[in-house]
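Hi everyone, thanks for coming. I'd like to walk you through one model today, so please have a look at it with me.

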Amino acid sequence: MAKVSIGLRGWRFEEDEIFTDDEELKPLDEIPEDPRERLLRLVGLVEEPCDVCYLDYGEAEVHRCNEAEIVYGEPDGEVLLCPEHEPDLLYWFREAGGSEHKGSVEFADRFHEWVAAGNEAPEGYASVEHVEEDPDGLPDLPDQQEVQERLEEGFDGDRIDILELAGQEERDGDELTEEDLAESELDLSTDYPSDR
């Protein structure tokens with residue numbers, strides 16, 4: 001089977017890893033870890049603004065930003081781009097040292113710093129030619145609600161015994177009382193972790 005992009009161009013998936021023979025998205029627990037992580041991340045990225053547009057306009061004028069169509073980088077370190085700004089990332093990656101950050105979560109931060117410093121691709125710098133053989137032939141990416149429902153499917157909510165995991169036996173009478181809390185230095189009004 002072929003590699004496909006879903007939702008945004010850039011991240012490519014092996015069709016047989018994520019789709020059933022009926023061309024439906026597989027249950028999440030049947031998808032290998034790396035593609036599953038990317039799919040889950042994509043759900044939150046679709047319809048987000050282009051990073052370069054956002055750096056130009058900011059939150060106050062986010063309505064002026066182009067919607068992202070392309071994703072590069074690794075989950076949680078990805079760069080979202082519109083076709084107009086894709087050459088900027090390609091130039092940075094190929095010509096301005098960006099390839100040093102390939103595969104790292106700092107990838108996006110370094111690119112954003114480069115753009116924020118006023119850098120951009122030279123006029124006419126070539127973009128990548130994306131070939132879309134049958135974009136309407138792929139199933140739609142599930143929305144965040146559907147992904148949450150799939151994650152909760154089959155979840156039985158078993159209680160995890162931390163003492164057992166730590167190799168200690170649970171002892172009767174070891175429950176924390178209000179008196180114990182009052183005598184402790186734990187300040188329940190503080191947001192932890194604190195700098196104190």
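I'll start with the overall picture, then move to two helices, their aromatic rings and a few side-chain contacts.

A word on what you're seeing: this is a predicted model, where local features need pLDDT of at least 70 and side-chain atom pairs count only at pLDDT 80 or more, while totals for chains, interfaces and linings use all residues. Residues are numbered from 1 along each chain as its sequence is written, and side-chain values use heavy atoms, with hydrogens and water left out.

The protein has 8 helices and 4 strands, taken as DSSP runs numbered from the N terminus (helices are H or I, at least four residues; strands are E, at least two). From the N terminus, the order is β-β-α-α-α-β-β-α-α-α-α-α. Of its 196 residues, 29% count as buried; buried means under 20% relative accessible area, exposed over 50%, and partly exposed in between, with a 1.4 Å probe and protein chains only. Take the contacts between residues at least 6 apart in sequence: 53% of them join residues at least 24 apart, where contact means heavy atoms within 4.5 Å.

Now, please find helix H5, residues 107-116. Which of its residues are buried? They are Phe107, Ala108, Phe111, Trp114 and Val115. These residues sit on the same side of H5, because they cover an arc of only 125° around the axis, going by the directions from the helix axis to the C-beta atoms. Their packing partners are helix H3 (51-57), strand S3 (70-72), strand S4 (79-81) and helix H4 (86-95). After H5 comes glycine 118, with a positive phi near 95°.

H4 returns the favour: its buried residues pack against H3, S3, S4 and H5. Those buried residues are Glu86, Pro87, Asp88, Leu89, Leu90 and Trp92. Here too a glycine follows the helix, glycine 97, and its phi is positive, near 90°.

On to the rings. There are 6 aromatic pairs in the structure. Rings of Phe, Tyr and Trp (its six-membered ring) pair if their centres lie within 6.5 Å; planes under 30 degrees apart are stacked, over 60 edge-to-face, and the rest tilted. Tryptophan 92 and phenylalanine 107 make an edge-to-face pair, 5.2 Å centre to centre with 70° between the planes. This pair links distant parts of the chain, since tryptophan 92 is in H4 and phenylalanine 107 in H5, 15 residues apart. Tryptophan 92 counts as buried at 3% relative accessibility, and phenylalanine 107 is buried at 4%. Both belong to one aromatic cluster with Tyr91, Phe93, Phe111, Trp114 and Tyr125.

Just past H5, have a look at asparagine 119, in the loop between H5 and helix H6 (144-152). Asparagine 119 is partly exposed, with a relative accessible area of 32%. A polar atom of its side chain lies 2.8 Å from the backbone oxygen of tryptophan 114.

My last stop is glutamate 78, in the loop between S3 and S4. Is glutamate 78 buried or exposed? It is buried, with a relative accessible area of 9%. Its side chain makes a polar contact of 2.7 Å with the side chain of arginine 41; a polar contact is a pair of N or O atoms within 3.5 Å, where within protein one must be able to donate a hydrogen and the other to accept it, and residues adjacent in sequence count only if both atoms are side-chain atoms. The glutamate 78 side chain also reaches the backbone nitrogen of aspartate 76 at 2.7 Å.

That's my tour, thank you!
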